[in-house]
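Me: I'd like a close look at one part of this model, with the ring contacts around it thrown in. Take your time over it.

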Amino acid sequence: MQQRTGPVTLVSENIAFPPLGHPAALSREAVGSKAAALSALVAAGFPVPAGFVVTAAALGAVTAQRVIEGLQAAAAAAGPGPYAVRSSAAAEDLPGASFAGMYESYLNVSAADLPGAVERCRQSAKADRIRAYQASLRTDAGEGPGTHDGATAGAGAGMAVLVQQMVDPAAAGVALTANPLTGDRSETIISAVPGLAEGLVSGVETGEEWVVRAGRPALTRGAAGVLSKESAAAVAAIAEQVAVHFGCPQDIEWAVDHAGMVRILQSRPMTALPEPVSWEPPGKGTWLRNFRLGEWLPEPVTPLFMDWVIPRIDAAYNEAVFASAGISVAMGHGQVNGWYYVSPPSPRALPHLLFGGKPRSLPYFFNSVVRPMFDPVGADRRVLRELEHEWRTECLPSYRTLVESSLGVAGTATLPELLDIVERVARKAGEYLWFFAATGGAAWKMEMVLARFWRRHIAGAPAGRAAPGELEVTGYQTLLGGLAPALPARVPHAVYSIDWYHRTAGEQPGTAVTERASLPQPPPVVPATQRRRAAEAACRAVLTRTRQLHRFDNLLSVAQHYALLREEQARDFTLGWPLLRRCATEIGTRLRDGGIIADPADVYFLTFDALRLDAPPQQEDVARRRKEWARQRKLSAPLQLGKLPPVLGNMFDQIANSARSTRDVPAGALVGHPASPGRAEGRVRVVDGPEGFSRFLPGEILVAKATAPAWTPLFAVAAAVVTDGGNLAAHASLVAREYGIPAVVGTGNATTVLRTGQLVTVDGNAGTVEVGGLSDQRGSHA
């Protein structure tokens, strides 16, 4: 340390090394933000471990020997060690500049080692990452040095060092006194791990998660092995008191010692907290985000698509249902915080569905909607195969003809002609959606029957004819993998989202992940086709000379047919999207030329009534809607609003639980639907959209909100797939099976819980994602 002479403040007066709670330790400029906040809490009577601050003035004014003496005296006054040594700069823990994790911390430091630990901590302020972070703050703010209340004008300059007694925690973690995704100030989100929370804070661990509202804790992740309900409530109560003390939502590090005492280790204002939003259903009944069109909309919907295209798709869908079944089965749709939700028919609508149509409606409804759930072979024979034939020979060819004939005229069409093209393509897509929902959509119902058969007659076979060991761990999903003669081809009309704001696959630069031969490749897996054939043979061996063998063959045949059909239909559902985007660009160009908008891309943020050349200028409305949409993209939308009808809920639960190899969920695991069998470990790569495709590396775990056909190239090199949304018949499930890689879908929040770079293990049989590698966990690679 630098030695100086001259007048100094006496150590014995505890000013150069003020204890937490001392008036001299309350000034952020003197002791840094972290120490000042903890001092304020000590002064207010909060449970903070005893400690003191090594001020920048002390380090710059006294000799090395006096620093050592001062440290030893202050440590003795604070109490016996070991100690934690952490940075406390004036620039840290500010609303606009947290510097979280930037400086070095040293734990379990003895009194003798305090001088060296303090010096190393102080020197970490000069690291390159600190300067880079400062530069990013200036760039983000569009300002020069000296912004953020002086934070960026030398975050390390004059940095103090905080020394506290170490806590021996039974559990530790982070408490956020507002929901960071919704901004809800009435919720406290607690993440907890056993022992110290270093892994949790650094992102290596995900931990157990609790949500506490009005003093009532609810476990949302993990198996309640870290905190009890009482402990979670106690942590939340103190955290909320801290937030009240500081007058704003807080990000708090805490620990619970072995006596059950909660200790506050750090408190700073929450950064980038959105304004509070509520997730109230837009109407009566149940509203689902992951149903019908919602499966194709992993983000908030842009205004013009919601106001114009979706209503046209819905109307044409309902007309197609009536044309086929002679009955109206309208479903309500709406937006909540910009996100699309759909409301399935409630049980009260059942009498109308059964008896409100034409004479043939009831048998048609029964055979197309109900019968696939218990007799797929009969449903296929009576209705579904005929519907598939109509789709192949009439619907799909007419869709192709419409798109091909319109592409050539879009560039020279008038505004009314462009509007007409969009209307016709959207309506054709709605008609297509009916065939897709009725035939390809039957796949998950047939899968439920196959899962039930597997559980009763194969997994539960008598000991004398038990399935081979390999079959017992693969799961029935193996029977639905490797079905395509060739792996799915990349088509230019494949989409990331059906919202026409997003570019199609044909407009995206090609993903080069499959060409990176020098990078680590995914671990070799048995080809899905080979695994399926082996599983089929093993099932038949179990069922030989039983009455169930013939039923198994018939059931397997239709289940495989409709699983393959669903992916085939999904591929061409968006056949018209390149044309829709071309029309949107042309419409935007004409409105730009008319002075109505500033840029053709602004068209996506208009409403339908502004699509005319005599409309008033829309620039202000466009800017407001674009900003609101950008804010909504940061939200994590619930998969369900309102209560799910018991029958529908039980169906989803039954199929997921039938597929699950075990209900023994490891503590801290993320749980979803077991969508494709196998176990794999790898580093997480959270991919938000096509712009992230080129960064995806072979062997990584693909984590996404949802996937659609444009995502398919990533499956060729991913070790496994995890999604927020989806079910066992979703795109991610079906394509993962084709590639023979594990998949867990419908987790709800994987993209917010997991972080790029984390090492995780994905168990597609159990439907779980655990932080850590296979070598750290029980079980073996399937």
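Which residues in H12 meet which residues in H13?

Reply: Keep in mind that this is a predicted model. On the H12 side you have Leu-384, Leu-387, Glu-390, Trp-391, Cys-395, Leu-396, Ser-398, Tyr-399, Leu-402 and Ser-406. They meet Ile-421, Arg-424, Val-425, Lys-428, Ala-429, Glu-431, Tyr-432, Trp-434, Phe-435 and Ala-438 in H13.

As for the geometry, two packed helices are described by the angle between their axes and the distance between the axes. Here, the axes of H12 (residues 376-407) and H13 come within 10 Å and cross at roughly 160 degrees. An angle over 145 degrees counts as roughly antiparallel, so that is how H12 runs relative to H13. The crossing of H12 past H13 is left-handed.

Now for the rings. The count of aromatic pairs comes to 21. One of them starts from H13: Phe-436 and Phe-573 have ring centres 6.1 Å apart and planes at 50 degrees, so this pair is tilted. Phe-436 belongs to H13 (residues 415-438) and Phe-573 to H17 (residues 548-573), so the pair ties together parts that are 137 residues apart in sequence. Both of these phenylalanines are buried.

Compare that with Tyr-501 and Phe-605, an edge-to-face pair with 5.8 Å centre to centre and 75 degrees between the planes. This one links distant parts of the chain, 104 residues apart: Tyr-501 sits in the loop between H15 (469-474) and H16 (528-543), and Phe-605 in the loop between H18 (577-593) and H19 (619-632). Tyr-501 is partly exposed, with a relative accessible area of 26%, while Phe-605 is buried at 0%.

Ring pairs also join Tyr-501 and Phe-605 into a cluster with Phe-305, Trp-308, Trp-500, Tyr-604, Phe-608 and Trp-629. Phe-608 brings us back to H13. This residue lies in the loop between H18 and H19 and is partly exposed, at 30% relative accessible area. Leaving aside neighbours within four places in sequence, Phe-608 is in contact with Leu-304, Asp-307, Trp-308, Arg-312 and Glu-423; of these, Glu-423 falls within the H13 range, residues 415-438. The C-alpha atoms of Phe-608 and Met-306 are separated by 9.5 Å, with their positions 302 residues apart along the chain.

There's some cation-over-ring geometry to check too. Arg-312 lies over the face of Phe-608, 5.2 Å from the ring centre. Elsewhere, the charged end of Arg-292 sits over the ring of Tyr-317, 3.7 Å from its centre.

How values were computed:
Residues numbered from 1 in each chain as written. Predicted model: local features only at pLDDT ≥ 70, side-chain atom pairs only at ≥ 80, totals over all residues. Heavy atoms only, no water. Phe/Tyr/Trp six-rings, centres within 6.5 Å; stacked < 30°, edge-to-face > 60°. Helix = DSSP H or I, 4+ residues; strand = E, 2+ residues; numbered from the N terminus. Buried < 20%, exposed > 50% of the residue type's maximum accessible area, 1.4 Å probe, protein only. Lys NZ or Arg CZ within 6 Å of the ring centre and 35° of its normal. Axes fitted to C-alpha atoms, helices over the stretch in contact; angles between N-to-C directions. Parallel < 35°, antiparallel > 145°, perpendicular 65-115°, else oblique. Left-handed = near helix turned anticlockwise from the far one by under 90°. Contact = heavy atoms within 4.5 Å.
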